[in-house]
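Open the model in your viewer and keep the selection tool ready. This tour goes stop by stop: what to select, then what is there.

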Amino acid sequence: MLKDILNSGEERMKKAIEALKREYASLRAGRATPALLDKVMVDYYGTPTPVKQVANVSVPEPRMIVITPWEKNMLHEIEKAIMKSELELSPNSDGKVIRLSIPQLTEETRKDLVKAVNKKGEDSKVVLRNIRRDVLDEVKKLEKSKEVTEDEAKKAQDDMQKITDKYVSEVNGIKSVKEKEIMEV
């Protein structure tokens, strides 16, 4: 029973780490990557749809993203969605494809991005601590209802702390890699 609770908590922590990785992938770090467009939604016949579901997204050069819509009439919709997005990129269209040039980041922009990376990292740590708290609450309920002994509950709490520490250090590692990527010139 305790094992299931701990495993459930660890699964939730893994999902929090994956969510952080997706968040970081969508941050513009001065390099072109298809993940930059993950949050850009296009109006596809009245339904908000991710760009990669209505077009082919490729990166032919380190600072260039090329978007080739599968339907010609989607070209304008994709351009509109990119302009409205928080990417601050200007799409260039030749009537068949859209080219996005990723500009070199300024020092100020880099510092702002590092702040955003740190904030997202801290938010993830809060999520991990909340998961730990939920698991520990469940363990305490089991201990109160005499379903587990005090020693078993103490061991489960220690195990949960070790799991939490492991994922917090993983967040720190992911965060520092992203910071280095952003600060590279």
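Leaving aside its neighbours within four places in sequence, which residues is Tyr 167 in contact with? Select Tyr 167 and look around. Glu 10, Met 13, Lys 14, Ile 17 and Leu 128 are in contact with Tyr 167, once neighbours within four places in sequence are set aside. Keep in mind that this is a predicted model.

**Stop 1: Tyr 167**

Tyr 167 sits in helix α4. Its relative accessibility is 3%, so Tyr 167 counts as buried, the cut-off being under 20%. Now add Arg 129 to the selection. Tyr 167 and Arg 129 lie 38 residues apart in sequence. Their C-alpha atoms are 10.0 Å apart in space.

**Stop 2: helix α4**

Widen the selection to residues 150-183, which form helix α4. This helix has 34 residues. From first C-alpha to last, α4 reaches 49 Å, close to the 50 Å expected at 1.5 Å a residue.

Next, colour the buried residues of α4. Among them are Ala 153, Ala 156, Met 160, Ile 163 and Thr 164. Further entries include Tyr 167, Val 168, Val 171 and Ile 174. Lys 175 and Lys 178 are also among the buried residues, and so is Ile 182. What do the buried residues of α4 pack against? They pack against α1 and α3.

**Stop 3: α1 beside α4**

Two packed helices are described by the angle between their axes and the distance between the axes. Select residues 2-25 for helix α1, and keep α4 on screen. The axes of α1 and α4 come within 11 Å and cross at roughly 10°. Angles under 35 degrees count as roughly parallel, so α1 is roughly parallel to α4. Colour the contact by residue class. The contact of α1 with α4 has 13 nonpolar, 1 polar and 9 charged residues.

**Stop 4: α1 beside α3**

Hide α4 and show helix α3, residues 107-144. The axes of α1 and α3 come within 10 Å. They cross at roughly 170°. Angles over 145 degrees count as roughly antiparallel, so α1 is roughly antiparallel to α3. In the contact of α1 with α3, 14 residues are nonpolar, 3 are polar and 6 are charged.

**Stop 5: along α3**

Put a distance label on the two ends of α3. How far apart are its end C-alpha atoms? They are 55 Å apart. At 1.5 Å a residue, the 38 residues of α3 should span 56 Å, which agrees.

Bring α4 back and pick Gly 121, which lies in α3. Is Gly 121 buried or exposed? Gly 121 is buried, with a relative accessible area of 0%. Leaving aside neighbours within four places in sequence, Gly 121 is in contact with Leu 20, Tyr 24, Val 171 and Lys 175. Add Val 168 as well. Gly 121 and Val 168 are 47 residues apart along the chain, and their C-alpha atoms are separated by 9.2 Å.

Move on to Ser 124, also found in helix α3. At 9% relative accessibility, Ser 124 counts as buried. With neighbours within four places in sequence left aside, Ser 124 is in contact with Leu 20 and Val 171.

**Stop 6: just after α3**

Select Lys 146. This residue lies in the loop between α3 and α4. Lys 146 comes just after α3. Its phi is positive, about 65°, although Lys 146 is not a glycine. At 72% relative accessibility, Lys 146 counts as exposed.

**Stop 7: the tyrosine pair**

A pair of aromatic rings is described by the distance of the centres and the angle of the planes. How many aromatic pairs does the count come to? The count comes to 1 aromatic pair. Select Tyr 44 and Tyr 45 to see this pair. Their ring centres are 4.8 Å apart. The planes stand at 70°, so the pair is edge-to-face.

Tyr 44 is partly exposed, with a relative accessible area of 27%. Tyr 45, at 58% relative accessibility, counts as exposed.

Stay on Tyr 45 for the last look. Where is Tyr 45 placed? Tyr 45 is in the loop between β1 (41-44) and β2 (47-50). Tyr 45 has a positive phi of about 50°, although it is not a glycine.

Note on methods
Residues are numbered from 1 along each chain as its sequence is written. This is a predicted model: local features need pLDDT of at least 70, side-chain atom pairs count only at pLDDT 80 or more; totals for chains, interfaces and linings use all residues. Side-chain values use heavy atoms; hydrogens and water are left out. Axes are lines fitted to C-alpha atoms, for helices over the stretch in contact, and angles run from 0 to 180 degrees between N-to-C directions. Helices (H or I, at least four residues) and strands (E, at least two) are DSSP runs, numbered from the N terminus. Angles under 35 degrees count as roughly parallel, over 145 as roughly antiparallel, 65 to 115 as roughly perpendicular and the rest as oblique. Ala, Val, Leu, Ile, Met, Phe, Trp, Tyr, Cys and Pro count as nonpolar, Asp, Glu, Lys and Arg as charged, and the others, Gly among them, as polar. The expected span of a helix is 1.5 Å times one less than its number of residues. Buried means under 20% relative accessible area, exposed over 50%, partly exposed in between (1.4 Å probe, protein chains only). Contact means heavy atoms within 4.5 Å. Rings of Phe, Tyr and Trp (its six-membered ring) pair if their centres lie within 6.5 Å; planes under 30 degrees apart count as stacked, over 60 as edge-to-face and the rest as tilted.
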